[in-house]
Amino acid sequence: MKLKSHKKNDVVIIEISGRLNAVNVHLLKKKFQEFCPEENSFVFDLTSLEYLDSTGLGGVVSCLKAATNNNGDLKIACLQNKTKMVFEITRAYKIFDIFEDVDSAVAAF
Amino acid sequence: MKVYGRDIKLLAVDSETVNLLLLEEALKDKDVDIDCCSVGGEAIELIKKNNYDIVLLDIVMPDMDGFELRKLIRAYDQYLPIICLTAIIDTIHNDLIEKISADQATYYMKKPFNLDRLLNMIKSVVKTYRSDDETRKYYTTLEENLDLASEVQHLLLPNWIMMKEDFIMSSLYKPVYKISGDIFDLTKVSPGRYFMLLGDIAGHGIQAALYMSAIHALVKTLIMVSDDDIKLDDILNRLNSFFCVDMQKKNYMTCLVALFDFNINKLTFISAGHLSFFMHDAESGEVKLLNPENKGAIPVGWVNDYVFNCKTEAVEIDFDDDSSFFGITDGIIEMSNEKDAILGIEKFRLLLEKSVADTISPVVPYYVCHAIEKAGYTNIEDDVCMLMIKKNKVLKDEKNHLHLTAVPDILHTDFMGMECEHFIIKNTGDEKLAVELELLLNEFLNNILMHGLEKCQQEGPKILVDLVINEDEVVLKIWDKGKPWTFNTNPIAIDENIWDDNNKLATAGRGMAIIKSIAGKVECNRYGDLNETSFIIKREG
């Protein structure tokens, strides 16, 4: 799993690629913490995310909760077929705002 | 007053302070280290802090009587001796004595007491206590050493499941008590050819286990230094020399030494006083005890100058791709029922035949032993070992069947999930089914199995996964040697609420909820120390 980040219109965009699971979810949480509490608007760009299990998804949910507790939000962009299915099977799509592309997600803040 | 060279450390509990003062005065010159207290609550705290040898206990006390205090003491230390000192007059039915003696480490002395008698009683009780304590410590150390020896022994043996490109071997290994004199190993000699040893060292327990370790090392060395063309009789002659010369005929071993050649499907073996292989013929469904010409030799270690000879003693068997071989030590056929009737070879063969008819999965040894126990043969007098070896056809050409083994490590189990996903996509093209399988397998292995296998020390595969694609469903079976567990038939519902209490549910129910939402049917069974979990996932369309 690899993480890259940049900012666009005061929104932090974190690109997650590879496989997000119990082995590496702590890295995502650590990366997210680097921006807290100064930043509170996030988009996770999942274009290159191949797979995530429930532990990985749990990590994304933790980030969402941290953002909302800091009066902000976290939006999901560019879910691919496989990861979309995981979001559907686990009903996680119901708790996130999900967008087709990063620009739409950023514009939604 | 010393016992085994040490002073006696004593706690006296009495609600009458004057009694405690008298006792203290009486014992002060007697090498007794005495603490006193008059309240039950304080007494239990002192007991937890100090290493007393004995407690003198008054029965009638206002806040907590002696029997209530004894109950608290026993919850903390079941062996600490207590002498009840009381002026209560017993009933005609000896109710008091009966209540006191209900506890094995409680003694009784009537007040007022004679000091010498009390001192003698204290000395004698503490002597017994210290001696028993030493024995308990000795047995605890012995048990710990045996546990360690058992772990070492298991490290020497192949894992319960071994899957290589050429073969699959599963094994069931059950010592009578912690360590065993049974031995088995399968070692590659050259591509497609494997040497196998299955042995039973006479007797059991520590001495047999030590022989087992030595033979294991010896055989490994012999295979390592031999060329590709390994000779079964050479191995037996060297083992015979080990028992007769090196160990001066103090013990012996029956064994099967064999060479499996999966390139040409040929088994060659010599039985040195050991029960032959059983072979399951997939076409006829029959299980036969091999060795049609009744060839064989004497056990190794019996006769000093005996020369084992392949020409006269080896048996050669040609087999099919689907044939399965079973090797056992006689601990299985000597298992007996409550009428002391032993199982015997023929009943074992029939139970094996029935188990193989029900399934040809590699875990047949566990099914057979389960069937034997269900048939009432539960008494084990000797170490039990059973192996199943078959050609690994699944890896080579089956389109709807996948076998995988995994080590209990998240990186590896993640890889297993990927393998299953690729296999499903390749053979069905169904991406949703593939993701469901991958997610289910990850959830199960990471959340449930890893927890159950957390104390596994031995390296190598511990988990066997078997995936079969049928026309209308996919059957996923997972076998592991983790803790026993049962499936919660009523897990939390899978909806967005499972993410509400994210941290809590991550370890308490979310995995099960996801699994249940994917698999229509989940079944758990346990065969000896092996868990079998089956999932059925319906295919759409």
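Leaving aside neighbours within four places in sequence, which residues is A:T83 in contact with? In this predicted model, the partners of A:T83 are A:L49, A:E50, A:Y51 and A:L52. You will find A:T83 itself in helix α3 of chain A, which spans residues 81-89. With a relative accessible area of 1%, A:T83 is buried, because buried means under 20%.

From here, let's turn to the nonpolar interior. In soluble globular proteins, nonpolar side chains tend to be buried together. The largest nonpolar core here has 63 residues, and A:F44, A:L74 and B:F535 have the most contacts inside it. Helix α14 of chain B (residues 431-452) supplies the largest share of this core, 9 residues. Follow A:F44 outwards and, beyond its neighbours within four places in sequence, you meet contacts including A:I14, A:F32, A:V60, A:L74 and A:K75. Apart from this core lies another, of 56 residues, with B:L157, B:M212, B:I223 and B:V315 among them.

Now for the rings: across all chains there are 25 aromatic pairs. One of them joins A:F32 and A:F42 in a tilted arrangement, 4.3 Å centre to centre with 40° between the planes. Since A:F32 belongs to helix α1 (residues 25-33) and A:F42 to strand β3 (residues 41-45), both of chain A, the pair ties together parts 10 residues apart in sequence. Both rings belong to buried residues: A:F32 has 1% relative accessibility, and A:F42 has 0%. Over in chain B, ring pairs link a cluster that includes B:F167, B:Y194, B:F260 and B:F325.

Charges meet rings too. A:K75, one of the contacts of A:F44, lies over the face of A:F109, 4.8 Å from the ring centre. In chain B, the charged end of B:R136 sits over the ring of B:Y79, 3.6 Å from its centre.

Terms used:
Residues are numbered from 1 along each chain as its sequence is written. Chains are lettered from A and ligands numbered from 1 in the order in which they are written. This is a predicted model: local features need pLDDT of at least 70, side-chain atom pairs count only at pLDDT 80 or more; totals for chains, interfaces and linings use all residues. Side-chain values use heavy atoms; hydrogens and water are left out. Helices (H or I, at least four residues) and strands (E, at least two) are DSSP runs, numbered from the N terminus. Buried means under 20% relative accessible area, exposed over 50%, partly exposed in between (1.4 Å probe, protein chains only). Contact means heavy atoms within 4.5 Å. A nonpolar core is a set of buried Ala, Val, Leu, Ile, Met, Phe, Trp, Tyr and Cys residues joined through side-chain atoms within 4.5 Å. Rings of Phe, Tyr and Trp (its six-membered ring) pair if their centres lie within 6.5 Å; planes under 30 degrees apart count as stacked, over 60 as edge-to-face and the rest as tilted. A charge sits over a ring if NZ of Lys or CZ of Arg is within 6 Å of the ring centre and within 35 degrees of the ring normal.
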